[in-house]
Amino acid sequence: MAEGSDLDRSGELSPAILLVDMDSFFASVEVLDHPELRGKPVLVGGSGRRGVVASASYEARRFGIHSAMAMVTALRLCPGAVVVPGNLARYSSVSAELRRLFLDVTPLVEPLALDEAFLDVSGATGILGTPKQIAEALRIRIAEELKLDCAVGVASTKAIAKLASKRAKPRIVDGRVQPGAGVVVISDEEVNDFLAPLGVGELFGVGPSTKAALARIGITTVGELRQLDPVLLERHLGRQSAHGLVALANGIDPRPVVPDAEHKSIGHEETFAVDSADRAFLEGRLRRQAQAVSGALRSQNLRARTITVKMRDALLKTRTRSRTLESGLDDPVAMATIAVELLEHLEIAAGVRLLGLSASGFEDKDTPVQLRMTMGAEQDQAAERALDRQQEREALEDALAEVRSRFGRHAVGPLTSLGADGVVVPAQRDVPFGPEAVRPEEPEA
């Protein structure tokens with residue numbers, strides 16, 4: 001139905017939205033850069049016990065491997081897989097080239113990730129053809145210029161375009177890779193028939209708990225959900241979720257494509273190869289994370305008023321603590337001052353598996369600093385120290401940023417960025433998908 005429908009310009013799709021999703025993006029870039037990997041099962045991710053699969057080639061997916069799977073499970077399914085740690089800088093570079101191609105079609109581009117974006121092509125149909133023709137031409141251009149494959153879903157809403165893109169991808173059937181359609185168009189007339197047989201878990205916002213709640217009242221398909229009165233569903237899911245999901249089940253999604261959507265938060269977190277209850281170690285990692293978050297903020301001329309510390313313990317329980325200040329921070333020492341104080345309010349005795357720091361509540365760097373009264377409580381004293389550090393170190397951080405821009409990000413930095421051997425500890429961007437395998441001389445947990 002959808003693959004073959006070639007819409008004219010009469011308005012059967014209004015607006016006309018594309019969702020472009022690259023096929024096995026990270027793994028495909030690795031194969032592109034290392035042709036000797038072609039035809040082999042390639043896994044991008046952390047090779048250690050707590051590493052995860054960030055991307056898997058279709059040769060690896062034949063074994064049932066998928067993104068977000070634990071690497072140990074993936075290697076159990078396919079012992080001969082080639083594990084590549086990943087190179088986010090390279091993937092970001094290719095993503096930038098991809099974005100350039102998108103912008104040649106329309107200025108209305110909303111990135112979802114490095115390998116995925118919505119495009120509103122409503123204003124381009126008069127020049128470039130039907131939405132399907134635009135999608136096919138873009139797909140060919142990506143293949144020719146970037147040597148990569150993608151799937152494109154086309155519809156009049158973001159939710160349906162996303163679902164259509166999944167139908168356009170290659171599939172694994174009986175252990176073999178079956179090529180996808182490449183482009184799938186769902187016209188407004190086809191939406192109800194397209195949605196009805198789908199499981200409710202395919203709808204945007206339906207996670208395991210919502211899916212289970214719907215199953216308890218006998219709702220397993222989108223067609224069944226569509227028939228429900230959202231008022232009756234409120235007692236099970238809450239008012240907002242109930243009305244939102246029934247609307248999606250009926251193909252209603254008013255969200256526009258928003259170009260260059262602003263970040264709501266900037267964060268940095270890492271999973272440790274071995275659980276740690278060493279407070280000095282954890283504080284050092286927070287200081288290192290503060291360096292990374294500070295760099296991201298300063299690159300965008302932002303400061304953040306809210307600092308959050310996230311911790312996951314050995315029992316996989318996740319806890320967070322936050323502090324909002326009267327003026328924003330972008331200095332790493334100032335942010336670390338708050339983060340270390342927040343860590344004091346988290347129980348670490350059982351061992352910390354994951355630790356992260358994030359910043360939110362953004363303001364422009366040129367926002368005037370709020371004058372403050374003398375503070376008394378211990379937590380307020382930490383905030384006061386942080387704001388003092390922010391003002392004292394501003395010129396210093398500007399100078400350090402200039403040094404790093406000229407000589408590389410490891411040219412100068414705090415002692416906390418060094419490991420016990422005096423070598424710079426890899427930043428999370430260097431091992432983004434979990435720890436690497438523990439070296440023989442290091443203890444296993």
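Over the face of which residue does R255 lie, and at what distance from the ring centre? In this predicted model, R255 is placed over the face of F204, at 4.8 Å from the ring centre.

**Close-up 1. R255 with its ring partner F204 and its acidic partner D253.**
Besides lying over the face of F204, R255 forms a salt bridge with D253, in which the closest N and O atoms are 2.8 Å apart. The two residues of this salt bridge are described separately in terms of accessibility: R255 is partly exposed, with a relative accessible area of 32%, whereas D253, at 9% relative accessibility, counts as buried. A further arginine placed over a ring is R61, which lies over the face of Y58, at 4.7 Å from the ring centre.

**Close-up 2. The salt bridge between D21 and K169.**
The closest N and O atoms of D21 and K169 are 3.8 Å apart, and the pair is counted as a salt bridge because the cut-off for such a nitrogen–oxygen pair is 4 Å. D21 belongs to strand β1 (residues 17–22) and K169 to the loop between α7 (158–168) and β8 (171–173), so that the pair ties together parts that are 148 residues apart in sequence. D21 is buried, with a relative accessible area of 10%, and K169 is also buried, with a relative accessible area of 14%.

**Close-up 3. The salt bridge between E110 and K158.**
In this pair the closest N and O atoms of E110 and K158 are 2.8 Å apart. E110 lies in strand β5 (residues 109–113) and K158 in helix α7, and therefore the salt bridge ties together parts that are 48 residues apart in sequence. E110 counts as buried at 11% relative accessibility, and K158 counts as buried at 4%. The model has a count of 19 salt bridges; among the residues involved, E97, R100, D104, R141 and E145 are joined into one network by salt bridges that share partners.

**Close-up 4. The stacked rings of F26 and Y91.**
The count of aromatic pairs in the model comes to four. One of them is formed by F26 and Y91, which are stacked, with 4.3 Å from centre to centre and 10° between the planes. F26 is in helix α1 (residues 25–33) and Y91 in helix α4 (residues 88–103), and this pair links distant parts of the chain, 65 residues apart. Both F26 and Y91 are buried, and together with F25 they form one aromatic cluster.

**Close-up 5. The largest nonpolar core, with F102 among its most connected residues.**
The largest nonpolar core has 36 residues, and those with the most contacts inside it are F102, L119 and I142. Several elements each supply at least two residues of this core, namely β1, α1, β2 (42–45), α4, β6 (116–120), α6 (131–146), β7 (150–155) and β10 (183–185). When residues up to four places away in sequence are not counted, F102 touches V20, V109, A117, L119, L138 and I142. Apart from the largest core lies another core, of 33 residues, which includes A161, A164, V222 and L245.

**Close-up 6. Helix α7 and its buried residues.**
Eight of the 11 residues of α7 are buried, and so this helix is largely enclosed by the rest of the structure. The buried residues are K158, A159, I160, A161, L163, A164, S165 and A168. Of these, K158 is the salt-bridge partner of E110, while A161 and A164 are among the residues of the core of 33 residues.

**Close-up 7. S24 and K147, two non-glycine residues with positive phi.**
S24, although not a glycine, has a positive phi of about 45°; its place is in the loop between β1 and α1, and at 5% relative accessibility S24 counts as buried. K147 is likewise not a glycine and has a positive phi, of about 60°. K147 is found in the loop between α6 and β7, and at 57% relative accessibility it counts as exposed.

Note on methods: Residues numbered from 1 in each chain as written. Predicted model: local features only at pLDDT ≥ 70, side-chain atom pairs only at ≥ 80, totals over all residues. Heavy atoms only, no water. Salt bridge = Lys/Arg side-chain N within 4 Å of Asp/Glu carboxyl O. Helix = DSSP H or I, 4+ residues; strand = E, 2+ residues; numbered from the N terminus. Buried < 20%, exposed > 50% of the residue type's maximum accessible area, 1.4 Å probe, protein only. Phe/Tyr/Trp six-rings, centres within 6.5 Å; stacked < 30°, edge-to-face > 60°. Lys NZ or Arg CZ within 6 Å of the ring centre and 35° of its normal. Core = buried A, V, L, I, M, F, W, Y, C linked by side-chain atoms within 4.5 Å. Contact = heavy atoms within 4.5 Å.
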